[in-house]
Amino acid sequence: MATDFPATPSATVRTRVRVPLRCPDGYSTTADVLTFRGLADEREHLLLGLGDWETAVALAGRGGTAPLVRPHSECLTGDVFGSQRCDCGPQLREAVERIATTGGFLLYLRQEGRGIGLYAKLDAYALQDSGMDTYEANVALGRGEDERDYRAAAQMLLAAGVDRVRLLSNNPDKAVQLQGYGVAVTERVPTGVHLSDANARYLTAKRDHTAHTLDLAHPVAHPRLGDVVGAELAS
């Protein structure tokens, strides 16, 4: 977790390619996928422009509503294999539809395991099976509770012409860091609460330890997103 905010150097777009997407439940949309030169951490992060994102950026540039944006940290186990030990897969699925509906960006960030990597994340899972929570397990491995830095995310947004966002996230640290790196967060928009028997301890730790905005008494089922998207459009 970043504690100070060094200057954010400029990055540039290196590639833009259109990719049709189809989720396992049948939902489909199209993304403009951008890659970058000059990212601070030199990782291969992606920015997916969803829906009418160009109009959303233009509207924001004229002082209108900022585009909806989710920085999503890569989670192979949740995003690809459907692991229920976390809520990453359902959050990703929700974000794609909500952002495509309003126009905005999904940042897919190569930050597996809160930045500690895939193997270390699985080592942390083993420690969680012995009774530790997700943060205690990272520390027991000699790593930080959360090693993610969002400077590259800010660079990507600024390179795409975005300096104000409505942030689709339950994590307050994402808002703090983006603002520290030069991207204003005009609104924090929580994701749904994707609670299961397998991830209840994990979500409770996120709520209690790092103040994630999670109302575990009122979880939102997934993938029934119509009510969520409809409510956003009506607001």
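Modeller: Let's start with a word we will need: a residue counts as buried when its relative accessible area is under 20%. Both Trp53 and Phe105 are buried. One more thing before you ask away: this is a predicted model.

Colleague: Thanks! Why is Glu74 called buried?

Modeller: Its relative accessibility is 17%. The cut-off for buried is under 20%, so Glu74 falls on the buried side. You can find Glu74 in the loop between strand 4 (68-73) and helix 2 (76-80).

Colleague: And which residues does Glu74 touch?

Modeller: Leaving aside residues up to four places away in sequence, Glu74 touches Asp79, Tyr108, Leu109, Arg110, Gln111, Glu112 and Gly113.

Colleague: What makes the link between the side chains of Glu74 and Arg110 a polar contact?

Modeller: The distance is 3.0 Å. A polar contact needs a pair of N or O atoms within 3.5 Å, one able to donate a hydrogen and the other to accept it, so this side-chain pair qualifies.

Colleague: Tyr108 was on that list of neighbours. How do you know that Tyr108 is buried?

Modeller: The relative accessible area of Tyr108 is 18%. That value is under 20%, so Tyr108 is buried by the rule. Tyr108 is found in strand 5.

Colleague: What joins the side chains of Tyr108 and Asp79?

Modeller: A polar contact of 2.6 Å joins them. The limit is within 3.5 Å, so the value fits the rule. Tyr108 also touches several other residues beyond four places in sequence, among them His45, His72, Cys75 and Leu92. Leu46 is a neighbour to look for too: its C-alpha atom is 5.1 Å from that of Tyr108, although 62 residues separate them along the chain.

Colleague: Let's move to the rings. How many aromatic pairs are there?

Modeller: The count comes to two aromatic pairs. In one of them, the rings of Phe5 and Tyr181 have their centres 5.2 Å apart and their planes at 85°.

Colleague: Why is the pair of Phe5 and Tyr181 called edge-to-face?

Modeller: Take it in two steps. Centres must lie within 6.5 Å, and 5.2 Å meets that, so the rings pair. Planes over 60 degrees apart count as edge-to-face, so 85° gives that name.

Colleague: What does this pair tie together?

Modeller: Phe5 lies in the segment before strand 1 (12-22), and Tyr181 in the loop between helix 7 (172-180) and strand 7 (184-189), so the pair ties together parts that are 176 residues apart in sequence.

Colleague: Are Phe5 and Tyr181 buried, partly exposed or exposed: which word fits which residue?

Modeller: Phe5 has a relative accessible area of 33%, between the 20% and 50% cut-offs, so Phe5 is partly exposed. Tyr181 has 3%, under the 20% limit, so Tyr181 is buried.

Colleague: What makes the pair of Trp53 and Phe105 tilted?

Modeller: The centres are 5.3 Å apart and the planes make an angle of 55°. Stacked needs under 30 degrees and edge-to-face needs over 60, so 55° is left with the name tilted. This pair links distant parts of the chain, with Trp53 in helix 1 (residues 53-61) and Phe105 in strand 5 (residues 104-109), 52 residues apart.

Colleague: Where does Arg85 lie relative to Tyr125?

Modeller: Arg85 lies over the face of the Tyr125 ring, at 4.2 Å from the ring centre. The distance limit for a charge over a ring is within 6 Å, so 4.2 Å satisfies that part of the rule.

Colleague: Now for empty space. What makes a space a cavity, and how many of 30 Å³ or more does the structure hold?

Modeller: In a cavity a 1.4 Å probe fits but cannot get out. The structure holds one cavity of 30 Å³ or more. The largest cavity has a volume of about 380 Å³. It is lined by 29 residues, and those closest to its centre are Cys88, Arg114, Arg148, Tyr202 and Lys206. Helix 4 gives the most to this lining, with four residues.

Colleague: Arg114 is on that list. Why does Arg114 count as buried?

Modeller: Its relative accessibility is 11%, which is under 20%, so Arg114 counts as buried. Arg114 is found in the loop between strand 5 and helix 4. Its phi is near 55°, a positive value in a residue other than glycine.

Conventions: Residues are numbered from 1 along each chain as its sequence is written. This is a predicted model: local features need pLDDT of at least 70, side-chain atom pairs count only at pLDDT 80 or more; totals for chains, interfaces and linings use all residues. Side-chain values use heavy atoms; hydrogens and water are left out. Helices (H or I, at least four residues) and strands (E, at least two) are DSSP runs, numbered from the N terminus. Buried means under 20% relative accessible area, exposed over 50%, partly exposed in between (1.4 Å probe, protein chains only). Contact means heavy atoms within 4.5 Å. Rings of Phe, Tyr and Trp (its six-membered ring) pair if their centres lie within 6.5 Å; planes under 30 degrees apart count as stacked, over 60 as edge-to-face and the rest as tilted. A charge sits over a ring if NZ of Lys or CZ of Arg is within 6 Å of the ring centre and within 35 degrees of the ring normal. On a 1 Å grid over the protein atoms alone, a cavity is a set of points where a 1.4 Å probe fits but cannot get out, and a pocket is an open set with protein on both sides within 12 Å along at least five of seven lines; lining residues have an atom within 4 Å of a point. Grid points are joined across faces, edges and corners, and a volume is the space filled by probe spheres set on the points.
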